[in-house]
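Work through these exercises with the model open beside you. Try each task before reading its solution.

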Amino acid sequence: MKKILSAVLSVIAAVSVCLAFAAPAMAEIHVYSPQAVAVIHEANDPLLNGKPTTQVTGAQVEAGSDQLVFTYTGDGELAGWNLIDKNGNAVDLDDVADKCKVVKMDGNTLIIEVLDWAAFESPDGYTVNCLAKVGSAPSGDADKDTSSTSPDTGVSVAAAAVSAVCAGAAILALSKKKDAE
């Protein structure tokens with residue numbers, strides 16, 4: 001009976017250790033797909049005056065939409081928006097009316113509707129470029145996160161903690177059983 005109990009506790013310990021390391025890797029992923037088919041487009045990251053930056057962000061207006069919203073968050077004065085082609089040439093938004101249309105251009109925000117995703121697919125597609133008057137060269141450095149909020153990891157951290165406790169309890173029980181024999 002003791003050997004069976006020891007074997008069961010060993011299995012519980014092994015499973016608990018495996019779960020403790022696997023749980024954080026299973027972060028919750030939200031996928032919105034009204035037709036059960038996810039269409040993923042990879043577009044180039046937006047630029048500021050032709051250079052990579054964190055001061056211009058881009059995202060879909062809503063899941064499944066062909067509308068993209070770009071926002072300039074820098075301190076410089078916004079002068080306008082254009083596109084950069086695969087050769088690095090500036091292209092006016094009006095010149096590609098068959099590929100995209102401007103839905104709204106207001107303040108530091110540009111909303112476009114992509115009519116031809118093939119023209120925007122990374123790496124050779126058009127790249128949205130924000131034109132702004134800035135005092136110094138734009139920085140590609142990320143802004144430091146000063147918030148005290150941790151990333152949303154959900155249940156995976158709790159599952160890892162419970163698994164670690166179970167593994168510890170099983171190992172402790174095994175060691176006490178071995179000492180008793």
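**Exercise 1: a surface patch**

Ile12 is partly exposed, with a relative accessible area of 41%. (Buried means under 20% relative accessible area, exposed over 50%, partly exposed in between, with a 1.4 Å probe and protein chains only.) This is a predicted model: local features need pLDDT of at least 70, side-chain atom pairs count only at pLDDT 80 or more, and totals for chains, interfaces and linings use all residues. Residues are numbered from 1 along each chain as its sequence is written, and side-chain values use heavy atoms, with hydrogens and water left out.

Task: place Ile12 in its helix and find the nonpolar patch that it helps to form.

Solution.
1. Ile12 sits in helix H1 (residues 2-22). Helices (H or I, at least four residues) and strands (E, at least two) are DSSP runs, numbered from the N terminus.
2. Ile12 joins Ile4 and Val8 in a nonpolar surface patch. Nonpolar patch members (Val, Leu, Ile, Met, Phe, Trp, Tyr) have over 30% relative accessible area and no salt bridge, and their side chains are joined within 5 Å.
3. Together the three residues have about 270 Å² of accessible area, by the Shrake-Rupley method with a 1.4 Å probe, where only the protein chains shown count as cover.

**Exercise 2: salt bridges**

Task: how many salt bridges does the structure hold? Which residues form them?

Solution.
1. Apply the cut-off: a side-chain nitrogen of Lys or Arg within 4 Å of a carboxyl oxygen of Asp or Glu.
2. Two salt bridges result.
3. Lys99 pairs with Asp98 at 3.2 Å, N to O. Lys99 is partly exposed at 22%, whereas Asp98 is exposed at 54%.
4. Lys101 pairs with Glu113 at 3.9 Å, N to O. This pair links distant parts of the chain, twelve residues apart: Lys101 lies in strand E7 (residues 100-106), Glu113 in strand E8 (residues 109-114).
5. Lys101 is partly exposed at 43%. Glu113 is partly exposed at 22%.

**Exercise 3: the open sheet**

Task: in what order do the five strands of the open sheet lie? Which strands stand at the edges?

Solution.
1. Two strands pair if DSSP finds at least two bridges between them.
2. The order is E2-E1-E9-E5-E6, with mixed pairing.
3. Strand E2 (51-52) and strand E6 (90-91) are the edges; each has a single partner strand, so one side of each lacks a neighbour in the sheet.
4. Strand E1 (residues 47-48) runs parallel to strand E9 (residues 127-133), joined by two bridges. Leu48 has Cys130 as its bridge partner in E9.

Notes
Patch = residues over 30% accessible without salt bridge, like charges linked within 9 Å, V, L, I, M, F, W, Y side chains within 5 Å.
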